[in-house]
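Here are my notes on the binding site in this entry, set out as numbered points. Please read them with the structure open beside you.

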Amino acid sequence: MREVSAMHRLGSELLDAFAGRDGIVSILSRAPEGDAALGCQRWLLATPAKRYAAHVLYGDLLASEGLRILDVGGGLTTLTRTLAERHDYTLVDIMAHDSEASISAFLASAPPFKVIKEDWFSAIGDERFDVVIAADLFPNVDQRLGLFLDRVLPHCGQVRLSLTYYNEPRFYHTRRIDADEALCMLAWDGQQIARTLGRYADRIEKADFDLFAVTSDSVFPNKRQVCLLTLQGSQPSHVGAAV
Ligand SMILES: C[S@@+](CC[C@H](N)C(=O)[O-])C[C@H]1O[C@@H](n2cnc3c(N)ncnc32)[C@H](O)[C@@H]1O
């Protein structure tokens with residue numbers, strides 16, 4: 001299997017190769033009973049492509065320790081327990097998918113970690129982290145990808161992302177929560193991501209912008225495409241040195 005930190009698109013060949021070595025599913029099989037109620041846990045259990053992304057973004061961190069990790073939009077899953085146990089772990093997440101009762105039950109039974117239940121834009125300052133992770137948040141849920149990278153790159157060793165996009169028109173009718181306005185949100189395509197990431201090309205490990213042109217071989221029924229990549233931050237990275 002390819003070097004996981006290199007920029008790549010998640011296609012069917014990769015997913016097939018991963019099936020026989022899915023370590024994430026075995027961690028989930030040992031989950032405490034209450035975790036089954038968590039939205040992100042259910043997605044992770046149900047979706048091999050999500051587990052592949054988790055393997056790429058978190059796999060080494062589930063076995064190392066002692067890093068300062070910021071996870072933006074990471075949600076709550078059984079993996080959170082391991083990350084909190086092994087690292088100085090901060091989760092910034094508005095928790096769109098879980099009830100207060102499930103969140104409280106999870107936090108009461110997990111190793112301690114810092115949770116900030118707010119929009120990342122107001123929650124993240126200039127605190128330093130070894131690794132910043134954002135999985136399946138940009139730009140499908142949140143189109144502020146460039147603002148996010150400008151905010152975190154100066155203060156961290158590396159940023160790990162999975163980016164979700166559609167190379168055919170996909171749009172959602174939505175409503176603003178702070179004003180009386182109906183909006184239509186057009187999901188980003190690969191070229192929009194390429195344009196934004198182009199500004200950071202020299203920070204991307206094994207950059208490959210051609211992958212954004214691929215229109216076939218989606219591993220999701222709704223034809224979404226997923227790209228995984230690591231960007232070097234401006235701070236020294238202690239990731240390789242962690243045990
Ligand atoms: C599509 S889910 C992805 C969850 C998980 N990272 C995964 O890969 O399955 C998006 C996550 O981002 C969180 N989220 C959405 N908007 C956010 C924001 N502005 N600030 C922080 N978290 C946000 C949601 O609560 C949710 O947990």
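1. In this model, which is predicted, the side chain of R144 places an N or O atom 3.5 Å from a nitrogen atom of the ligand. When the ligand is taken alone it exposes 590 Å², and the protein buries 89% of that area.

2. Backbone atoms also take part in the polar contacts. A backbone N or O atom of W120 lies 3.1 Å from a nitrogen atom of the ligand, and a polar backbone atom of I94 is 3.4 Å from a ligand nitrogen atom.

3. The shell around the ligand holds 21 residues, of which K50, G73, D93, D119 and A135 come nearest. Sorted by class, this shell comprises ten nonpolar, four polar and seven charged residues.

4. The ligand occupies the largest pocket, for which the computed volume is about 1300 Å³. This pocket is lined by 50 residues, and those closest to its centre are G73, H97, D136, L137 and V141. G73 is thus named both here and among the residues that come nearest to the ligand.

5. Several elements give two or more residues to the pocket lining, including the helices α3 (39–46) and α5 (78–86) and the strands β2 (68–72), β3 (88–92), β6 (156–165) and β7 (171–175). The largest share, six residues, comes from α4, which spans 48–58.

6. As for the character of the lining as a whole, 25 of its residues are nonpolar, twelve are polar and 13 are charged.

Terms used. Residues numbered from 1 in each chain as written. Predicted model: local features only at pLDDT ≥ 70, side-chain atom pairs only at ≥ 80, totals over all residues. Heavy atoms only, no water. 1 Å grid on protein atoms, 1.4 Å probe; cavity = no way out; pocket = protein on both sides within 12 Å on 5 of 7 lines; lining within 4 Å. Points joined across faces, edges and corners; volume = space filled by probe spheres on them. Helix = DSSP H or I, 4+ residues; strand = E, 2+ residues; numbered from the N terminus. Nonpolar A, V, L, I, M, F, W, Y, C, P; charged D, E, K, R; others polar. Near = heavy atom within 4 Å. Polar contact = N/O pair within 3.5 Å; in protein donor to acceptor, adjacent residues only side chain to side chain. Areas by Shrake-Rupley, 256 points an atom, 1.4 Å probe, with all protein chains shown as cover. Sits in = over half its atoms within 2 Å of the grid points.
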